[in-house]
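Reader: I'd love a close look at how this chain is held together through its side chains, starting with the cysteines and moving on to the charged pairs. Could you walk me through it in one go?

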Amino acid sequence: MNVLLIGSGGREHALAWALANSPLLSTLYAAPGNAGIGEVATLVSLDADDHAAVIGFCREKQIDLVVVGPEAPLVAGLVDDLEAAGIKAFGPSKAAAQLEGSKAFTKGVCDEADIPTAGYGRFDRKEDALAYIREKGAPIVVKADGLAAGKGVVVAMSEEDALEAVEACFDGSFGEAGAEVVIEEFMEGEEASFFVIVDGTTPLPLATAQDHKRAFDGDTGPNTGGMGAYSPAPVMSEDMIERTMREIIEPTVATMAKRGTPFKGVLYAGLMITTDGPKLIEYNTRFGDPECQVMMLRLKDDILTLMLASAEGSLNKVSARWHDDVALTVVMAAKGYPGAYEKGTNISGLAEASSDADVEVFHAGTKASDGKILSNGGRVLNITARGKTVREARDRAYAAVEKVDWPDGFCRSDIGWRAIERES
Ligand code: AMP
């Protein structure tokens, strides 16, 4: 099979690495990819926003499956246009990607299917939103409705912060994403990520993971796209997984199918594990980044077979089995991230860092230039390792981090701390 992978981050490098190991694969293309992806795929400079150009490329290269990594092309309807042109694609339609693209849409699905989630109100008038907060009090959570790159959520511990967040939404701080706000009850518990692959009707559980969103040690500092992750998530016991499937995932998949907008692709549930059981915080409609990196290290079965079964509606005929090992990834980011940072700084030592057979170095934001590897983004490398325990995986990952020579980068030193505390 010829496969075209859309995206350029660490998630896509991990997918490319797993796809490259598939017995079904002939040629792997990636658009635009990065320096690491370029080691296992042919890079092409296609603009994912130009659907006609993507379709033209697929016809020319006889692409059998397009794998869409990030959310933006899904929400923009790339999968719909590919399918209309007779080209198979892995990922949801534009209508189904609303599970990620609109928080209000997801809340509507939760209401319809009686899915456990935070109580909420949605408002397109500022005064109504402010009144609702004054009525409910703090702590309370304010969310801009649309895609705001993870920045549209304020967990307000005081009423004042909540009122300010509403003002910011309606002042246009989040652009179009803030034209409507969702205000939610504050849920207490431990967060976990749960991934399933879906073919329109059948959800097949994949794996669990936990990530670290804050920039600095001790889970402090500004929110980021994710500074590290590990899989599995110890809080996701067999019982919790079974409840999540029954109470959250299955009703969601059934509701989307009943509405005539069946969900296909990866459904990523952000969960709060409360004393009452799992509750849905939000859905994403693609693999997490950096959760995908740790999951690919643990996957025993062929990723391409799974993706094809999702696209073709035959997930009931395949399996997704996982190594018992733990995998953990440490994100190395450019100094200054998530604020302003420099691009084009020199990175070396990557071959040494990946010399351990239990370590994979995934590139998140790099480019190759004159035989050198240069940084090309905020999150730049994902140093990913497996081990029998979280502690062992963590020690391997940090030993590899030590071998990377990149004076302009930084990473957290405590990835996995919560799970390691549980182990000891
Ligand atoms: P979201 O973009 O919806 O995933 O929210 C980002 C983060 O805000 C989540 O990962 C949680 O840590 C936190 N959060 C969101 N909604 C709630 C809620 N209702 N209660 C408590 N924390 C929340």
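Author: Happy to! In this predicted model, the number of disulfides is 0. Cysteine 169 shows why: its sulfur has its closest cysteine sulfur in cysteine 110, 20 Å away, which is too far for a bond. Burial differs from one cysteine to another, too. Cysteine 169 is buried, because its relative accessibility is 3% and the cut-off for buried is under 20%. Cysteine 411, with a relative accessible area of 25%, is partly exposed.

Salt bridges are another matter, since the structure holds 27 of them. Let's take three in turn.

Start with glutamate 83 and lysine 264, whose side chains meet with an N to O distance of 2.8 Å. Glutamate 83 belongs to helix α4 (residues 78–84) and lysine 264 to strand β15, so this salt bridge ties together parts that lie 181 residues apart in sequence. The two partners are covered to unlike degrees: glutamate 83 is partly exposed at 34%, whereas lysine 264 is buried at 17% relative accessibility.

Next comes the pair of arginine 422 and glutamate 190, with 2.7 Å between the closest N and O atoms of their salt bridge. Here, too, distant parts of the chain are linked: arginine 422 sits in helix α14 (residues 417–423) and glutamate 190 in strand β10 (residues 190–199), 232 residues apart. Arginine 422 is partly exposed, with 45% relative accessible area, while glutamate 190 counts as buried at 13%.

The third pair is aspartate 358 with arginine 396, a salt bridge whose closest N and O atoms are 3.6 Å apart. Aspartate 358 is in the loop between α12 (350–353) and β19 (359–363), and arginine 396 is in helix α13 (residues 390–403); 38 residues separate them, and the pair again links distant parts of the chain. Aspartate 358 counts as partly exposed at 24% relative accessibility, and arginine 396 is likewise partly exposed at 24%. This pair also has company, as Asp356, Asp358, Arg386, Glu392 and Arg396 are linked in a network of salt bridges.

Now for a nonpolar counterpart, helix α7 (residues 126–136). Its buried residues are Ala129, Leu130, Tyr132 and Ile133. Looking down the axis of α7, you find these buried residues within an arc of 160 degrees, so they line one face of the helix. The general background is that an α-helix has 3.6 residues a turn, so residues three or four places apart point the same way. Arg134 and Glu135, on the other side of α7, are exposed. And what covers the buried residues? The cover includes the strands β6 (120–123), β7 (140–144) and β9 (181–185), along with helix α8 (159–170). Just after α7 comes glycine 137, with a positive phi of about 75 degrees.

Out on the surface, Val153, Val155 and Met157 form a nonpolar patch, and together they have about 260 Å² of accessible area. One of them, valine 155, is in strand β8 (residues 153–156), and at 47% relative accessibility it counts as partly exposed. Threonine 275, in the loop between β15 (264–274) and β16 (277–284), is exposed at 85% relative accessibility.

The backbone deserves a look as well. As a rule, most residues other than glycine have a negative phi, and most peptide bonds are trans. Two peptide bonds to look at here are cis. One runs from alanine 31 to proline 32, with omega near -10 degrees, and proline 32 is part of strand β2 (residues 27–32). Another joins tyrosine 337 and proline 338, with omega about 10 degrees; proline 338 is in the loop between β17 (326–334) and β18 (346–347).

As for phi, glutamine 62 is not a glycine, yet its phi is positive, about 50 degrees. Glutamine 62 is located in the loop between α2 (51–61) and β4 (65–68) and is exposed at 59% relative accessibility. Aspartate 370, also not a glycine, has a positive phi of about 50 degrees. Its place is the loop between β20 (366–369) and β21 (372–375), where aspartate 370 counts as exposed at 78% relative accessibility.

Terms used:
Residues numbered from 1 in each chain as written. Predicted model: local features only at pLDDT ≥ 70, side-chain atom pairs only at ≥ 80, totals over all residues. Heavy atoms only, no water. Buried < 20%, exposed > 50% of the residue type's maximum accessible area, 1.4 Å probe, protein only. Helix = DSSP H or I, 4+ residues; strand = E, 2+ residues; numbered from the N terminus. Arc of directions from axis to C-beta. Contact = heavy atoms within 4.5 Å. Disulfide = S-S within 2.5 Å. Patch = residues over 30% accessible without salt bridge, like charges linked within 9 Å, V, L, I, M, F, W, Y side chains within 5 Å. Areas by Shrake-Rupley, 256 points an atom, 1.4 Å probe, with all protein chains shown as cover. Salt bridge = Lys/Arg side-chain N within 4 Å of Asp/Glu carboxyl O.
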